Structure formats: C-alpha cells, structure tokens
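Grab a pencil and have the viewer open. We'll work through a few short exercises on pockets and a bound ligand, one step at a time.

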Amino acid sequence: MLEALPKAVSVYEVGPRDGLQNEAAVVPTEGKLRLIEALADAGLRRIEITSFVSPKWIPPLADSAEVAARVRRREGTIFSALVPNAKGLEGARAAGMQEVAVFLSASETHNKKNVNKTIAETLQAFEAVVGPAREAGMRVRGYVSTVWGCPYEGAVDPKRARKIAEQLIGMGCYQVSLGDTIGVGTPGQTERIVDLMLERIAPEALALHFHDTRGTALANALVGIAKGITTLDASIGGLGGCPYAPGASGNLATEDLVYMLDGLGVAHGIDLEKLVAAGELAQQLVAHELPGRYLKARLAEKRKAATV
Ligand code: HMG
Ligand code: MG
C-alpha cells in the first residue's frame, strides 16, 4: 500500500479560519496576523486566513476585512478566505484576496443549519460567486462538507457528494476539498470514498479535510495519500471545528501530518520546528492547550531540556 506514494504533497493550512471560527475566546486581529505570519514563516504556501461570512453567524471572524487587508503578502504564498455568497466575494475582493473558497454540505440538514439555504439554493448562489471571482482573476476552491457523515442525518451517500463536487468543478473551482466535518470517518470508508471520487475526478482536483474528533484523521489522510491525493487540509495544533456541527472538534493537526510525511519521505516544504513555534503561539492566543500530538511531545521535550 505504501510503495507508490506521491513524491510531494501540498498542505493547505486552515487554522486561522477553521480553527479560530470555533474558539470561545475571540483572538484579536493583531494575534491572528502574528499567527498567519508564523505559519507562512514555517513554509506553508496555502493558508486560509478568514471567512467573509455574516459576523452574526461567526463572531470570531468578524474582523475578516481587516485581517485580509493587513496580512503581509509574500511571493509564492497564497492566502484564501471562505465566501458563501456575492456579498462575501465583494468583501474578499475589496480586501485584495487572491483566492476564495465556496462551501456547502452533502447533507441538506447540515447545509441548512450552516448557510440557511437548501443545497440547490446554495449552488445557485455560487453562480454569482465562482464566475465573477474567476473573471476578477481569483482562484476559487470548493468545499463539500459532511461527506463521511452528517451530525443530523447520519450516513451520507458519497455519490451525492461526488455529484456536488463535479458541479463545483464544472462551475470553475480548481479544487474541491472533501470534508469529514464531524470526524467520523474510518480508513476503509475513506478508501471507498476516494475510489468513488477518482472514477470521475482527477486527483489534483481533490483535497481531503479531516477533523480528528475520533482520532482517525491521520489514518484517513494516509489512505488518501496512498490513493494519490496530493492536497491535505490541516490546522495548526489541531485547532478548530464547525460551529454548526455539534461536537465537531479540530482538524488533523498540521504538525502531526508533517511529521508523518517526513517519516514517509514525502516532500512538503515545511519546517517542523517552525511549525512547533507557530503551534506554541496558537496555544498562547487561544489560551488553552491544543490537541496536536507532535506539538505536545515536542514542547514537553523542550521543557525537559530547559530544566536540565
Ligand atoms: P442569512 O441570514 O440567510 O443571510 O445567512 P441573508 O442573505 O438573509 O442576510 C442576512 C444578513 O446577513 C444581512 O445583514 C446581510 O447583509 C448579512 P442585515 O441586513 O441583517 O444587517 N450577510 C453578510 N454579512 C457579511 N458577509 C456576508 C453576508 N451575507 C449576508 N457574506 C449566510 C446566510 C450564508 C450569510 C450565513 O448563514 C453565514 O454567514 N453562514 C456562515 C457559516 C459558516 O461560516 N460556517 C463555518 C464554515 S463551514 C465549515 O467550517 C466546514 C468546512 O471547514 C469543511 C468541513 O469541515 O467539512 C469548510
Ligand atoms: Mg472544517
């Protein structure tokens, strides 16, 4: 299974968005900018920095316009932001974003709770986002949530998710990230879902987005990589969750993924020690310990070394 791994993968960092959207404490704008800077310093080249959504729905990201306008642009680093509709695109354009991401769910109930629309209405609203964003020179990514299971409906037919992913690609999304929003997926299921997707969609047009609620995110990521998927979403320290998916916890921790990739000899361009520094900063900003395993282990080693 591990003989034919890709030579390199792209890690798409979602901590400043997926992570901070679910934090009880609102991190000040200055702190968010420091975190994004630390992540870019660690070598991450694709970072989702915020969401242009209703501040009533997602209060922790109410400063999206300021974050996006003030973040220091770097050659070779792409910053992205979630947008649900034309109003979100307007905000993202005004703030100078180069990439936006549209999002919807494979299950009706989660979609309704998350964006207050049916799946069909959401796809229709994207007509006013994807084309115009492309015309404005932006890259557009898409997300399909609840592919591995829905907190309200349970099992989800992966063919429904594939149909939505194909529609997003047809509209002009360069890549669709498949979300295990509530972290219920297991490796055999991941193999079946990825195989089904690859029947119709090219591997480079797919990304995998695992939440680690039940400890299976890294195993699922490994299956995806072994199947030829070369973009993995991850969140520094395992920050995160979806506020409209009860019990959903953080994403696969970026540093755990990077540690595994190092062991497998798969290139990623990220400096693990600098990632730990970014994780330490993220912990300070949210004022609690983060679940990432490598981060815990490395910080414990450093504390021990400092006391001898
Ligand atoms: P709505 O209430 O149906 O919107 O919400 P509306 O069009 O009726 O407008 C109501 C008000 O919202 C108006 O303001 C609009 O101007 C404003 P008012 O007149 O009342 O003052 N509004 C906006 N404000 C700022 N930016 C906007 C915007 N649009 C409308 N873009 C809406 C619909 C989509 C806006 C709302 O449901 C929303 O913001 N939802 C956000 C949900 C969200 O961000 N969820 C988390 C991200 S998804 C996720 O985490 C999953 C993912 O990680 C993948 C995975 O894990 O599977 C991606
Ligand atoms: Mg997510």
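**Exercise 1.** By class, how many nonpolar, polar and charged residues does the lining of the largest pocket have?

*Solution.* Keep in mind that this is a predicted model. Start with the volume: the largest pocket comes to about 690 Å³. Next, look at its lining, which is made up of 36 residues, with Phe52, Val53, Ser54, Pro84 and Phe103 lying nearest the centre. Now sort that lining by class: you get 18 nonpolar, 14 polar and four charged residues.

**Exercise 2.** Which pocket is the space taken by ligand 1, and which residues come nearest to the ligand?

*Solution.* Ligand 1 takes up the space of the largest pocket. There are 26 residues around ligand 1, and Gln21, Asn114, Asn116, Ser145 and Thr181 come nearest. Helix 1 (15-19), helix 4 (86-94), helix 5 (108-115) and strand 5 (139-145) each give at least two residues to this shell.

**Exercise 3.** Find polar partners for the atoms of ligand 1.

*Solution.* Try the side chains to begin with. An N or O atom in the side chain of Asn114 is 2.8 Å from a nitrogen of ligand 1, while one in the side chain of Thr181 is 2.6 Å from an oxygen of the ligand. Then check the backbone: a polar backbone atom of Val53 is 3.2 Å from a ligand nitrogen. Finally, think about area: ligand 1 taken alone exposes 1100 Å², and the protein buries 74% of that.

Methods. Residues numbered from 1 in each chain as written. Chains lettered and ligands numbered in written order. Predicted model: local features only at pLDDT ≥ 70, side-chain atom pairs only at ≥ 80, totals over all residues. Heavy atoms only, no water. Near = heavy atom within 4 Å. Polar contact = N/O pair within 3.5 Å; in protein donor to acceptor, adjacent residues only side chain to side chain. Areas by Shrake-Rupley, 256 points an atom, 1.4 Å probe, with all protein chains shown as cover. 1 Å grid on protein atoms, 1.4 Å probe; cavity = no way out; pocket = protein on both sides within 12 Å on 5 of 7 lines; lining within 4 Å. Sits in = over half its atoms within 2 Å of the grid points. Helix = DSSP H or I, 4+ residues; strand = E, 2+ residues; numbered from the N terminus. Points joined across faces, edges and corners; volume = space filled by probe spheres on them. Nonpolar A, V, L, I, M, F, W, Y, C, P; charged D, E, K, R; others polar.
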